[in-house]
Amino acid sequence: MTDTPLLAVEDLRKSFGSLEVLKGASFTVRPSEVIGLLGRSGSGKSTLLRCLNMLETPTGGRVLLDGEEIGFKTDPSGRRRALSGAEVARQRARMSMVFQQFNLWPHRTALGNVIEGPIQVLGVPPEQARTEGLALLDRVGLLAKADVHPIRLSGGQQQRVAIARALAMRPKIMLFDEPTSALDPELVAEVLQVMLDLAKTGTTMVVVTHEMAFARDACDTVMLLESGEIIERGPPDQVMSRPSDERARQFFGGRR
Ligand code: ADP
Ligand code: MG
């Protein structure tokens with residue numbers, strides 16, 4: 001890890017009408033850093049993640065990836081203007097997101113799902129996309145399932161394909177929004193194992209999760225979100241075992 005942030009989030013705010021969901025979140029993510037975003041349901045975790053890549057437009061603050069502001073451009077005269085949809089899409093492609101619902105294309109094989117984006121969006125030659133796609137399926141333990149359609153795969157296998165698909169876009173950072181929450185309990189571990197492997201091999205990640213053991217093992221930093229504010233942050237052991245905020249003590253007290 002270096003000290004120069006890959007992602008910088010500055011005073012990020014989001015309201016839906018009169019409902020203030022994010023109340024000014026600031027943090028940085030260094031290359032290879034793994035951040036766990038924790039917090040009870042409704043605290044604003046998904047909204048925060050979605051504001052990072054402009055799936056939601058923030059009401060305030062800014063997000064910089066490698067020094068480039070997401071969603072906006074400042075011209076030489078200092079005026080800030082919103083980027084076009086196509087420009088935002090290009091930026092968004094550098095931050096792959098994995099959702100609770102894996103949303104694979106049902107009519108494509110596992111490999112077909114993985115190589116679609118690289119070929120269509122990145123312009124990777126099909127043969128090369130295939131070779132890289134197979135390597136990624138191997139990495140998530142599914143090389144043998146390359147030619148199988150999603151309906152024939154378990155939920156855990158489908159989510160691992162979704163992770164391979166996200167990696168195939170060669171993102172600078174991976175964003176996970178509760179990737180194991182929709183899985184049957186016996187399928188959670190295989191997905192967490194893949195994510196732990198990514199974490200340990202230098203993938204930069206922000207992970208929304210309720211899996212406390214995973215947060216402890218995989219994350220360099222955890223942040224606790226409460227009512228749209230980051231109320232606690234630091235190394236997992238410190239935050240989870242010795243939080244300073246009373247609300248954080250209550251949150252972790254019920255989850256050990
Ligand atoms: P979490 O992921 O931590 O459960 P969310 O970010 O999904 O929390 O939601 C935070 C709050 O924002 C909730 O009160 C939710 O109802 C509200 N919210 C989220 N998305 C929208 C939306 N598109 N329109 C209105 N309210 C929303
Ligand atoms: Mg959520």
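Biologist: What share of the contacts in the chain with a separation of 6 or more comes from residues 24 or more positions apart?
Modeller: The share is 65%. Two residues are in contact if their C-beta atoms, placed from the backbone, lie within 7 Å. This is a predicted model, in which local features need pLDDT of at least 70 and side-chain atom pairs count only at pLDDT 80 or more, while totals for chains, interfaces and linings use all residues. Residues are numbered from 1 along each chain as its sequence is written, and chains are lettered from A and ligands numbered from 1 in the order in which they are written.

Biologist: Why is the chain called as compact as a globular protein of that length?
Modeller: The chain has nine helices and 12 strands, where helices (H or I, at least four residues) and strands (E, at least two) are DSSP runs numbered from the N terminus. Its radius of gyration, taken over C-alpha atoms, is 18 Å, and the globule rule gives 18 Å for 256 residues, so the chain is as compact as a globular protein of that length. The rule is 2.2 Å times the number of residues to the power 0.38. Along the principal axes, the C-alpha atoms fill a box of roughly 55 × 50 × 40 Å.

Biologist: What does UniProt list for residues 7-252?
Modeller: The unreviewed entry lists "domain: ABC transporter" there; such annotations may be inferred rather than shown by experiment. Over those residues the chain is 38% helix and 26% strand.

Biologist: Why is isoleucine 230 called buried or exposed?
Modeller: A residue is buried if 20 or more other C-beta atoms lie within 10 Å of its own, exposed if 12 or fewer, and partly exposed in between, with C-beta atoms placed from the backbone. Isoleucine 230 has 20 other C-beta atoms within 10 Å, so it is buried. Isoleucine 230 lies in strand 12 (residues 229-234). Leaving aside neighbours within four places in sequence, its contacts are Ala25, Phe27, Met223, Leu224 and Leu225. Buried residues make up 41% of the 256 residues in the chain.

Biologist: What makes strand 3 (residues 34-38) and strand 10 a pair?
Modeller: Two strands pair if DSSP finds at least two bridges between them. Strand 3 and strand 10 run parallel and are joined by four bridges, with glycine 36 opposite valine 207. Strand 9 (residues 173-177) also pairs with strand 10 in the parallel sense, over four bridges, and here leucine 175 stands opposite valine 206. From strand 10 (residues 205-208), Met205 and Val207 point one way and Val206 and Val208 the other, all of them buried.

Biologist: Which strands stand at the edges of the open sheet of four strands, and why?
Modeller: The order is 2-1-4-5, with antiparallel pairing. Strand 2 and strand 5 (68-69) each have a single partner strand, so they stand at the edges and one side of each is left without a neighbour in the sheet. Strand 1 (residues 7-16) pairs with strand 2 over eight bridges, and phenylalanine 16 stands opposite leucine 19.

Biologist: What makes a residue part of the shell around ligand 1?
Modeller: A residue is near a molecule if its C-beta atom, placed from the backbone, lies within 6 Å of it. Among the residues around ligand 1 are Phe16, Leu19, Gly44 and Lys45. Strand 2 (19-29) and helix 1 (45-52) each give two or more residues, and helix 1 gives the most, with three.

Biologist: How many residues of that shell are nonpolar, polar and charged?
Modeller: There are three nonpolar, seven polar and one charged. Ala, Val, Leu, Ile, Met, Phe, Trp, Tyr, Cys and Pro count as nonpolar, Asp, Glu, Lys and Arg as charged, and the others, Gly among them, as polar.
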